[in-house]
Structure formats: C-alpha cells, structure tokens
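This report describes the fold of one protein chain, beginning with its sheet and ending with a few backbone details. Please keep the sequence and the structure in view while reading.

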Amino acid sequence: MSIIFFNVNGKDIQESNVDPELTLGYYLRNTLNLRGTKLGCEEGVCGSCTVVLSTWDHSKNRPIFNAVNACLVPLFHCHRCFIITIEGVPPGNVIKERMARGHAAQCGFCSPGFVMSAYALLRTAKNPTIAQINRAISANLCRCTGYRPILEALQSFMNQGCCGGKINGKCCKDEESSQKLSDFSDFPNFDPTQELIFPPSLIVY
Ligand code: FES
Ligand code: FES
C-alpha cells in the first residue's frame, strides 16, 4: 500500500492508494468539500483553481510558497506538502478586505484564485514591487473583465517608493496622476505572522 501525507489549511491528512489521475482541485472540492477553490477551464488556463502549495526548503530552513493550478496538480504529487486554500485565509484577512473595499469581485468566480496568487506572493515578498504583483496575478483571468478594481486592490500592497514607471512624468501613486477608484490607506499591511504556519509534522530531516 502506498501512503501520502499532507496538510490542508492546518489539518493533517493521510491518503492511501491515490488514483494517479486524481487532481488536487477535484480532491479539494469533492472529498474535502472545500468549494472555494473553483474549477473553470481545468486545463491550466484561467487560474480560478489557484491554491498555495508550500514545501520546506531545507537549505534555507524556511517554507516556500508557490501559487499552483490545482486542476493540474496530481494529488499524489502533494506528499509532504502544505496546501492553503481560500478557506485557509480567514475572513478579515487584508487581501480579502482590500478586494472587498475595492469592489474587485463581480460574480466572484475568479476572486479566490486572485486572492491565493497574491497570498503566495505576500508570504514570500514583504515589500513587493508593482512588477512582482502584476507577475503574480498574470495567470489569473476574470471573465467579468473587471480588471481595474482587482489590480488596484492588489497593487495597493506595493508599499515601496516609485517604481520608475512614470505616467506623464509623474509617479502613478501620485493622486494627481491617477484617479483611484478606492482608498486603501487606512488598511494595515499584510502580516505573515498572523497566517497559518508551516506544519512541523511535514518537516523531515
Ligand atoms: Fe482553469 Fe485550473 S481550472 S487553470
Ligand atoms: Fe466574475 Fe472575475 S469577478 S470572473
């Protein structure tokens, strides 16, 4: 019997004789009943199934957080992985709050994927640049096409100075050079210490 061991949103799980064709996305929705992870194209194109798949980097002694398409990841590949879904990002989390304040969810189908892509970045990069944020969500599609509020909500995590990409000679963060849809200045920054920790049970030396 072959056994795999992993953790989803803080809960240790063990499965045996996993069907090699079973995907993480299907398993999350239909076995664990975590329906926040959406299945859209099921072929790695839309990003609606994005979850965070984390592994322990022994050389750096810290976890690595990657956003992955759960529709493409075979469940058997998740042995000793820490998986975080939208349900593992609690209500009140600043990513969700900024998405809500910015009216970034229309039908909401793509929203969990956008949140998880941003979450993977923010667990890794404390002060992301606008280029890092744009790259992190570049594989997420919104069929409602409401990209502007999504970009504004997530780009609001850029808290470094001017990136150099001037508009009419002015910094895009300057109120005079851009007309923002929403104001996020009263929101706290993302605090990784408030998030789920990498399960010690998965760290094997
Ligand atoms: Fe579209 Fe996974 S469901 S990328
Ligand atoms: Fe509808 Fe993005 S809000 S797909």
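## Sheet, helix and core

Strand β3 (residues 50–57) pairs with β4 in the antiparallel sense over 8 bridges. Strands (E, at least two residues) and helices (H or I, at least four) are DSSP runs numbered from the N terminus, and two strands pair if DSSP finds at least two bridges between them. The model is a predicted one: local features need pLDDT of at least 70, side-chain atom pairs count only at pLDDT 80 or more, and totals for chains, interfaces and linings use all residues. Residues are numbered from 1 along each chain as its sequence is written, while chains are lettered from A and ligands numbered from 1 in the order in which they are written.

Within the β3–β4 pair, Ser54 stands opposite Phe65 in β4. The two strands form a hairpin with 4 residues between them, and Asn61 in that turn has a positive phi of about 55°.

### The sheet

β3 and β4 belong to an open sheet of 5 strands, in the order β2-β1-β5-β3-β4 and with mixed pairing. Its edge strands are β2 and β4 (62–69), each of which pairs on one side only. From one strand to the next the twist averages 30°; axes are lines fitted to C-alpha atoms, for helices over the stretch in contact, and angles run from 0 to 180 degrees between N-to-C directions.

Strands of a sheet pair through backbone hydrogen bonds, either parallel or antiparallel. At the other end of the order, strand β1 (residues 3–8) runs antiparallel to β2 and is joined to it by 6 bridges. Phe6 stands opposite Ile13 in β2, and Ile4 opposite Glu15. β1 and β2 make a hairpin with 2 residues between them, and Asn9 in the turn has a positive phi of about 55°. β1 also runs parallel to strand β5 (residues 82–84), with 2 bridges joining them; here Val8 stands opposite Ile83 in β5.

How many of the 6 residues of strand β2 are buried? The number is 0, so β2 (residues 11–16) lies largely in the open. A residue is buried if 20 or more other C-beta atoms lie within 10 Å of its own, exposed if 12 or fewer, and partly exposed in between, with C-beta atoms placed from the backbone.

### Helix α3 and the core

Helix α3 presents the opposite case: 12 of its 12 residues are buried. Among them are Phe114, Val115, Met116 and Tyr119. The cover over these buried residues includes β3, β4, α2 (94–101), α4 (130–136) and α5 (147–155). α3 has 12 residues and reaches 16 Å from its first C-alpha to its last, close to the 16 Å expected at 1.5 Å a residue; the expected span is 1.5 Å times one less than the number of residues.

The largest nonpolar core has 46 residues, of which Val52, Ile83, Val115, Ala118 and Tyr119 touch the most other members. α3 gives the most to this core, with 8 residues. Domain 1 (1–88) and domain 2 (89–193) both contribute residues, so the core lies between them. A nonpolar core is a set of buried Ala, Val, Leu, Ile, Met, Phe, Trp, Tyr and Cys residues joined through C-beta atoms within 7 Å.

Leaving aside residues up to four places away in sequence, Ile83 touches Phe6, Asn7, Val8, Val51, Val52, Leu53 and Cys78. Contact means that the C-beta atoms of two residues, placed from the backbone, lie within 7 Å.

### The two domains

The domain bounds come from an automatic or database domain assignment. The C-alpha centres of domain 1 and domain 2 lie 24 Å apart, and 15 residues of domain 1 are in contact with 16 residues of domain 2. On the side of domain 1 that touches domain 2, the elements giving two or more residues are β3 and β4.

### Positive phi in loops

Most residues other than glycine have a negative phi, and most peptide bonds are trans. Two loop residues with a positive phi are listed below.

| Residue | Phi | Loop | C-beta neighbours inside 10 Å |
|---|---|---|---|
| Asn17 | about 45° | between β2 and α1 (24–30) | 10, exposed |
| Thr145 | near 60° | between α4 and α5 | 9, exposed |
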